Amino acid sequence: MSRSALIENVTAMLADAGFSVSDRATIRPKSFDVAARRGEDVVLLKILANIDAFDAPTGAEMRRLGHYLNATPLLVGLRSRDEELEHGVVYFRHGVPAISPDTALDYFLEGVPPLIYAAPGGLYVNIDGDVLADEREEQGLSLGQLAQELGVSRRTVSKYEDGMNASIDVAVQLEDLFGDSLTSPVNVMEGAEDVRDADPTPEDPDVDPADQPVLTVLTRVGFDVHPTTRAPFKAVSEDEREPSLLTGNSDLTEAAVKRARIMASVGRITHTRSVYFVDKSKQTSIDGTAIIERSEVEDMDDPEEFRDLLKDRGEPSEA
């Protein structure tokens, strides 16, 4: 299956599952392919045939964007190396959860979350430690007796009851012993933080010198500016009083028009505004993305003046 066909299939599945889906980000470089929203759930998706093509800088960018846009970064792919991704298993690449299209379909369309995740050493599940302790006590088993049944140490059983995850083999043994499943789903919509190593959000990259003047203006009028390197916009700018702002900056070329349209589409999903700074333009808006000439704001330092200009050029995006 071609990557384009894979993206079409995944986005069609999300639409069937009740998600609103943005236009595809087709301008390179790109950290994500589409954004999608269902209710309060927002997902930034990268869709690849082979998830090993997902590199560390892209992973860092997607995690930063997920943090700034209140979205979950998610990788959907078919295989790793020469092996297909297993159905119902969550993998990880550079801190971003990765699942197969079939797992995504089960989760988003059928409401069946994955129970298994891959980590160094094999496949694992979440053990509900409180339920395990209750089951053990109901059957009158000591920690040592259960440890002997499982072929592990007493300390390991204690750790299971404290919330440590277990291998598939141990989970099957526990189910056979107690007759009930003691596993809990992997929470993909929270970035699967319950099972992955929760590294801090990667630090912002350095600002491109070409973008420094307009980002300085945004800082001056009260925004907290976070530069990007691989998104279809140059920065995400946060303001406690207003929706966040997706920011572009370049000459008004054909590529810039495409970026402005993608920004507007992503904005409708993430409930953000978008603005594109250019040298000269007769247009004041492109699909809801405000178009502002750099000369209009180069000396601006009044927050209200900037916000009035922004509102005049483009309305807040809503799903």
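Helix 2 is mostly covered, with 10 of its 13 residues buried. That makes a handy place to start a tour of this model, which is a predicted one.

**Helix 2 and its surroundings**

The buried residues of helix 2 are Thr58, Gly59, Ala60, Glu61, Met62, Arg63, Arg64, Leu65, Gly66 and Tyr68. What lies over them? The cover includes strand 3 (41–50), strand 4 (72–80) and strand 7 (96–99), along with strand 12 (224–227), strand 13 (235–239) and strand 14 (242–249).

How far apart are the end C-alpha atoms of helix 2, and what span should its 13 residues have? Helix 2 covers residues 56–68, and at 1.5 Å a residue it should span 18 Å; the end C-alpha atoms are 18 Å apart, so the two agree. Just after the helix comes Asn70, which takes a positive phi of about 55°.

Ser31 is a good residue to look at next. You'll find it in the loop between strand 1 (20–21) and strand 2 (34–38). Is Ser31 buried or exposed? Its relative accessible area is 0%, so Ser31 counts as buried. Setting aside neighbours within four places in sequence, Ser31 is in contact with Thr58, Glu61, Met62 and Leu65, and also with Lys46, Arg230 and Ala231. Of these, Thr58, Glu61, Met62 and Leu65 are among the buried residues of helix 2.

**The nonpolar cores**

Now for the greasy parts. The largest nonpolar core has 36 residues, and Leu44 and Phe233 have the most contacts inside it. Elements giving two or more residues to this core are strand 3, helix 2, strand 6 (89–93), strand 7, helix 9 (254–270) and strand 15 (273–278). Helix 9 provides the largest share, 7 residues.

Phe233 is worth a closer look. Leaving out neighbours within four places in sequence, its contacts are Phe32, Leu65, Thr228, Leu246, Thr247 and Met263. Apart from this core lies another one, of 26 residues, with Leu6, Ile7, Met13 and Leu45 among them.

Leu6 turns up again with Pro101, a residue of helix 3 (residues 101–109). Beyond neighbours within four places in sequence, Pro101 is in contact with Leu6, Val76, Gly77 and Leu78. Pro101 has 22% relative accessibility, so it counts as partly exposed. And where does Pro101 sit relative to Asp208? The two are 107 residues apart in sequence and 36 Å apart in space, C-alpha to C-alpha.

**Empty spaces**

Rolling a probe the size of a water molecule over the atoms shows where empty space is left. How many cavities of 30 Å³ or more does the count give? The count comes to 1. The largest cavity has a volume of about 30 Å³, and its lining is made up of Ile127, Ala171, Leu174, Glu175, Ser181, Leu182 and Thr183. Helix 7 (residues 168–178) gives the most to that lining, with 3 residues.

The largest pocket has a volume of about 390 Å³. It is lined by 20 residues, and the closest to its centre are Gly66, Ala71, Pro73, Glu190 and Glu193. Strand 3, helix 2 and strand 4 each give two or more residues to the lining, and helix 2 has the largest share, 3 residues.

Here is how the two linings divide up.

| Lining | Nonpolar | Polar | Charged |
|---|---|---|---|
| Largest cavity | 4 residues | 2 residues | 1 residue |
| Largest pocket | 6 residues | 7 residues | 7 residues |

**Two loop residues with positive phi**

Asn70 has company in its positive phi of about 55°. Ala192 has a phi near 55°, a positive value in a residue other than glycine. It is placed in the loop between strand 11 (183–184) and helix 8 (212–220). Asp287 also has a positive phi of about 55° although it is not a glycine. Its loop runs between strand 16 (285–286) and strand 17 (289–293).

Which of these two loop residues is buried, and which is partly exposed? Ala192 has a relative accessible area of 0%, so it is buried. Asp287 stands at 44% relative accessibility and therefore counts as partly exposed.

Conventions
Residues are numbered from 1 along each chain as its sequence is written. This is a predicted model: local features need pLDDT of at least 70, side-chain atom pairs count only at pLDDT 80 or more; totals for chains, interfaces and linings use all residues. Side-chain values use heavy atoms; hydrogens and water are left out. Helices (H or I, at least four residues) and strands (E, at least two) are DSSP runs, numbered from the N terminus. The expected span of a helix is 1.5 Å times one less than its number of residues. Buried means under 20% relative accessible area, exposed over 50%, partly exposed in between (1.4 Å probe, protein chains only). Contact means heavy atoms within 4.5 Å. A nonpolar core is a set of buried Ala, Val, Leu, Ile, Met, Phe, Trp, Tyr and Cys residues joined through side-chain atoms within 4.5 Å. On a 1 Å grid over the protein atoms alone, a cavity is a set of points where a 1.4 Å probe fits but cannot get out, and a pocket is an open set with protein on both sides within 12 Å along at least five of seven lines; lining residues have an atom within 4 Å of a point. Grid points are joined across faces, edges and corners, and a volume is the space filled by probe spheres set on the points. Ala, Val, Leu, Ile, Met, Phe, Trp, Tyr, Cys and Pro count as nonpolar, Asp, Glu, Lys and Arg as charged, and the others, Gly among them, as polar.
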